[in-house]
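Got the viewer open? Here is a short tour, one selection at a time.

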Amino acid sequence: MTASSKQDASGASPYSTGGGGTVLEHRYGALALVSLLTCDPLPGLGDSITVSEVAFQASPESRVDDLLISGRDPGGQLHRLSVAVRRDPNLVESDAKAAALIGTFLTTLLDHKQEVTAGRWHLGLAVASPNTHAQELRRLAEIARGQGDGQHFHKAVALAGTTTKKVRGRLGQLEKLVGKAIGQHGFDPHGYAPGELCWLLLHHLDVLELRLEGSDQSDLTRSEE
């Protein structure tokens, strides 16, 4: 029985009652546990990292807390991946859940900035595939990783032929979400302007499209091979 067809005692499916994201989170967690048992690499953590621990709801250590996955590289250095799992995130300024999500990413990034910038603490947004907003966000992240600061990043995005109008529009929405996060009570931007903070987040963000449900469960199939 697939996740989309499974019903609870009331006769309603988890997806119709808002539980689809939880189902996806558990499936992704199972995939991470398989990587731990088989010593296979896990996307987002790094091809050379061997998974050693998978923690669910790890808020004491990371504001992005759906999963906190730990592993070690060949030299024994500890690496971590903070993952937020959202089945179908609506990454627009007017979505309160999206604003809260971006706020948790920014807080985790700034709380662990030294480890993040050193490549030892990774940030991941895992969504159900296909997802247009996530694909646009991933394109922005690819550009951000090729630029050394926010100013050069924004110039690269605006360069003719580099992106589509929709991708540029997604950046505009993300900047507004970052601005809303900065305006939240108690949030400390550590002196970063919104545009620079937006680039910093994208520079260190992995967008993971999961194929774990419906007719396309190829990620799960590969884990069983």
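Before the first stop, one term: two strands count as paired if DSSP finds at least two bridges between them. With that in hand, select Ser82 and Leu123: Ser82 stands opposite Leu123 in E4. Keep in mind as you click around that this is a predicted model.

**The whole chain**

Zoom out and colour by secondary structure. You should find 8 helices and 5 strands, arranged along the sequence as α-β-β-β-α-α-β-α-α-α-α-β-α. Of the 225 residues, 46% count as buried. Take the contacts between residues at least 6 apart in sequence: 60% of them join residues at least 24 apart. Switch on the surface and you are looking at about 11000 Å² of exposed area, with carbon and sulfur atoms supplying 50% of it.

**The sheet**

Now show the strands alone. In what order do the 5 strands of the open sheet come? They run E1-E2-E3-E4-E5, and the pairing is mixed. Strand E1 (50-56) and E5 sit at the edges with a single partner strand each, so one side of each has no neighbour in the sheet. Direction ignored, neighbouring strands are turned by 25° against each other on average.

Walk through the pairs next:

- E2 (residues 67-72) with E3: antiparallel, over 6 bridges. Pick Ser70 here, and you will see Arg80 of E3 opposite.
- E3 (residues 78-85) with E4: parallel, again over 6 bridges.
- E4 with E5 (residues 205-210): parallel, joined by 6 bridges. Ala128 has Leu210 in E5 as its bridge partner.

**Strand E4 up close**

Select residues 121-128. How many of the 8 residues of E4 are buried? The count is 8 of 8. In a regular strand, side chains alternate between the two faces of the sheet. Try splitting your selection that way: Trp121, Leu123, Leu125 and Val127 lie on one side, while His122, Gly124, Ala126 and Ala128 lie on the other, and both sets are buried.

**Helices on the sheet**

Bring back H2 (residues 96-111). Helix H2 packs on the sheet and touches E3, E4 and E5, its direction making about 160° with that of E4. Then add H4 (residues 132-145), which packs on the sheet against E4 and E5, at about 150° to the direction of E5.

**A helix pair**

Hide the sheet and select H5 (residues 150-158) with H6 (residues 165-182). The two pack at an angle of about 145°, with their axes 10 Å apart, and their crossing is left-handed. Show side chains: Phe153, His154 and Val157 of H5 meet Arg168, Leu171 and Glu175 of H6. By class, this contact has 3 nonpolar, 1 polar and 2 charged residues.

**Backbone oddities**

Most residues other than glycine have a negative phi, and most peptide bonds are trans. The last three stops go against that habit.

- Ser129 and Pro130: a cis peptide bond joins them, with omega about -5°. You will find Pro130 in the loop between E4 and H4.
- Gln57: not a glycine, yet phi is positive at about 50°. Look for Gln57 in the loop between E1 and E2, where it is partly exposed, with a relative accessible area of 44%.
- His190: another non-glycine with a positive phi, about 55°. His190 belongs to the loop between H6 and helix H7 (194-203). Is His190 buried or partly exposed? Partly exposed, with a relative accessible area of 44%.

Key
Residues numbered from 1 in each chain as written. Predicted model: local features only at pLDDT ≥ 70, side-chain atom pairs only at ≥ 80, totals over all residues. Heavy atoms only, no water. Axes fitted to C-alpha atoms, helices over the stretch in contact; angles between N-to-C directions. Helix = DSSP H or I, 4+ residues; strand = E, 2+ residues; numbered from the N terminus. Left-handed = near helix turned anticlockwise from the far one by under 90°. Contact = heavy atoms within 4.5 Å. Nonpolar A, V, L, I, M, F, W, Y, C, P; charged D, E, K, R; others polar. Buried < 20%, exposed > 50% of the residue type's maximum accessible area, 1.4 Å probe, protein only. Areas by Shrake-Rupley, 256 points an atom, 1.4 Å probe, with all protein chains shown as cover.
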